Amino acid sequence: MAHEINRDRGISTIPPRILMGPGPSMAHPRVLQAMMQNMIGYLDPDFITVMDDVVSMLKKVFGTTQNTLAISGTGSAGMESGLSSLLEPGDRVIMCVYGFFCERMVDMAERIGAEVIPIRADWGKPFPEELLEKALRTHTDVKMVTAIHGETSTGVSQPLEALSALAKQSETLFMVDTVTTLGGNEVTVDRWEIDYAYSASQKCLGAPPGMAPVAFSDKSLNRIRDRDTKPSSWYLDLNLLSKYWGEERVYHHTAPVSMLLGLREALSIVLDEGLKERYERHKKNARALVQGLQALGLKTVAPEESRLDQITPVWIPEGVDDDLVRGLLLEEDSIEIGKGLGDFAGRVWRIGLMGESSKKEYVLMLLSAMERILPRAGYEVAVGEAVSAASRVYSED
Ligand SMILES: *Cc1c(COP(=O)(O)O)cnc(C)c1O
């Protein structure tokens, strides 16, 4: 029973789950093993090696030769570190807003006391670059432009090059959320001229939640060092953090040792697989899933040409009980899928295929479970068709 602590084997246990929501996704067994090692000091030379490994592997994954480190905290800590380190009270920031997490960025920037100019566009479609162009013509002295690469609430993939080019023309910093995309989609910080990108360990990197890898340009670092005021957050001050992660090794806070051991293992698994191969895997599994869902008569929120491979939001059919279906999937098949957020609450399911969760067997298991469960929620389906449609994608080559 869920509320009883199970101490059969001496430790309190939790049931195994197949995680197919918006994160956390499955953690690679090697990552979990790496985290079970003995404790070590955060300035121990052997731990410094771990940190250096994380920095150099993050550079490869983020596509940058500039600066990387991992913040203690989840993806939102990466978001908050960027905003609070790069913006001073009163600074003008233009935020491209097209989903739930974009709104979270707006909320954070307002709390920092920045002058926020949110440019809102429709959820479920890519953000039109003309809106940013117009905003940059209207407002002068803009310090930063923000965008999200993969809006997990809508499942839309946002092209970044045009937005970045506009930010550069106006000589403003460009900050991007790559929480859902890093490790599952191409992210190239240097080529796309991103000044600050942040991600999270638990989505496409195959580690548990708890670390926020970030990449930032030399220009950003100079901007932080030239600030007139100290950043509102001491814990997330990117300048102080970079002094601990850099050569000076100035103590800041106790590094979450086990989490960093896990992240190092996760990054080495990502690079062993190969970035291109990893992106291809995400693409293929997403295609099989979508074919299967379409065979069930379900419709994806994002249009085909801008669909994310890591998360597939689908509209819940008319009259079908959201909680009932998700509850049965969890209870009978141990599969977790995500519910809708914000404007999409109660209207969509979000199916994640991120990192270790992006596997053929999970796609087929979920589709087969849906074929069995949906009719019990009053939605008739032709049993076997979804699984066949997905299988066809896998037998293509
Ligand atoms: C999950 C997510 C976040 C929040 O990350 P946490 O790790 O939950 O703090 C931010 N942005 C996007 C796009 C996400 O998908």
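**Figure 1. Trp315, a partly exposed residue in strand S11.** With 29% relative accessibility, Trp315 counts as partly exposed. The model shown here and in the other views is predicted. Trp315 is part of strand S11. Which residues does Trp315 contact, once neighbours within four places in sequence are left aside? They are Leu298, Lys299, Thr300, Val301, Phe344, Arg347 and Val348. Ala295 is 20 residues from Trp315 in sequence. In space, the C-alpha atoms of Trp315 and Ala295 are 14 Å apart.

**Figure 2. Thr300, a residue in the loop between H10 and S11.** Is Thr300 buried or exposed? Its relative accessibility is 17%, so Thr300 counts as buried. The cut-off for buried is under 20%. The side chain of Thr300 reaches the backbone oxygen of Ala302, at 3.1 Å. Beyond four places in sequence, Thr300 is in contact with Val290, Arg307, Thr312, Pro313, Val314 and Trp315. Trp315, the residue of the previous view, in turn has Thr300 among its contacts.

**Figure 3. The contact between domain 1 and domain 2.** The domain assignment splits the protein chain into two parts. Domain 1 covers 8–22 + 274–394, and domain 2 covers 35–271. Their C-alpha centres lie 28 Å apart. Domain 1 brings 23 residues to the contact, and domain 2 brings 28 residues. How much area is buried between domain 1 and domain 2? The value is about 2100 Å². Carbon and sulfur atoms give 63% of this area. Arg278, Tyr279 and Leu308 supply 26% of the area that domain 1 buries against domain 2. No other three residues supply more.

**Figure 4. Polar contacts and the domain 1 side of the interface.** Between domain 1 and domain 2 the count of salt bridges is 0. Polar contacts do cross the interface: 10 residue pairs are found. Helix H10 (275–295) and strand S11 (311–315) each give at least two residues to the side of domain 1 that touches domain 2. H10 gives the largest share of that side, with 4 residues. How do the residues on this side divide by type? There are 12 nonpolar, 6 polar and 5 charged residues.

**Figure 5. Helix H8, largely enclosed by the rest of the structure.** H8 spans residues 238–245. Why is H8 described as largely enclosed? Of its 8 residues, 6 are buried, so the rest of the structure largely encloses the helix. The buried residues are Leu238, Asn239, Leu241, Ser242, Tyr244 and Trp245. Asp237 sits at the start of H8. A side-chain oxygen of Asp237 reaches to within 2.8 Å of the backbone nitrogen of Asn239.

**Figure 6. Two salt bridges, Glu273 with Arg281 and Asp323 with Arg326.** How many salt bridges are counted? The count comes to 22. Side chains of opposite charge can pair when their charged atoms come close. Glu273 and Arg281 meet through their side chains, at 2.7 Å from N to O. Glu273 has 26% relative accessibility and counts as partly exposed. In the second pair, the closest N and O atoms of Asp323 and Arg326 are 2.8 Å apart. Asp323 and Arg326 are 3 residues apart in helix H11, so about one helical turn separates them. Asp323, at 53% relative accessibility, counts as exposed. Arg326 is buried, at 16%.

**Figure 7. Asp333 and Arg372, a salt bridge linking distant parts of the chain.** The side chains of Arg372 and Asp333 meet at 2.7 Å, N to O. Where do the two residues lie? Arg372 is in helix H12 (residues 360–373), while Asp333 is in helix H11. They are 39 residues apart. H11 itself covers residues 322–333. Arg372 has 37% relative accessibility, so Arg372 counts as partly exposed. Leaving aside neighbours within four places in sequence, Asp333 is in contact with Ile18, Leu328, Ala369, Arg372 and Ile373. The pair also belongs to a network of salt bridges that links Glu332, Asp333, Arg372 and Arg376.

Definitions and conventions:
Residues numbered from 1 in each chain as written. Predicted model: local features only at pLDDT ≥ 70, side-chain atom pairs only at ≥ 80, totals over all residues. Heavy atoms only, no water. Domains from an automatic or database assignment. Contact = heavy atoms within 4.5 Å. Buried area = accessible area lost by both parts, 1.4 Å probe. Salt bridge = Lys/Arg side-chain N within 4 Å of Asp/Glu carboxyl O. Polar contact = N/O pair within 3.5 Å; in protein donor to acceptor, adjacent residues only side chain to side chain. Nonpolar A, V, L, I, M, F, W, Y, C, P; charged D, E, K, R; others polar. Buried < 20%, exposed > 50% of the residue type's maximum accessible area, 1.4 Å probe, protein only.
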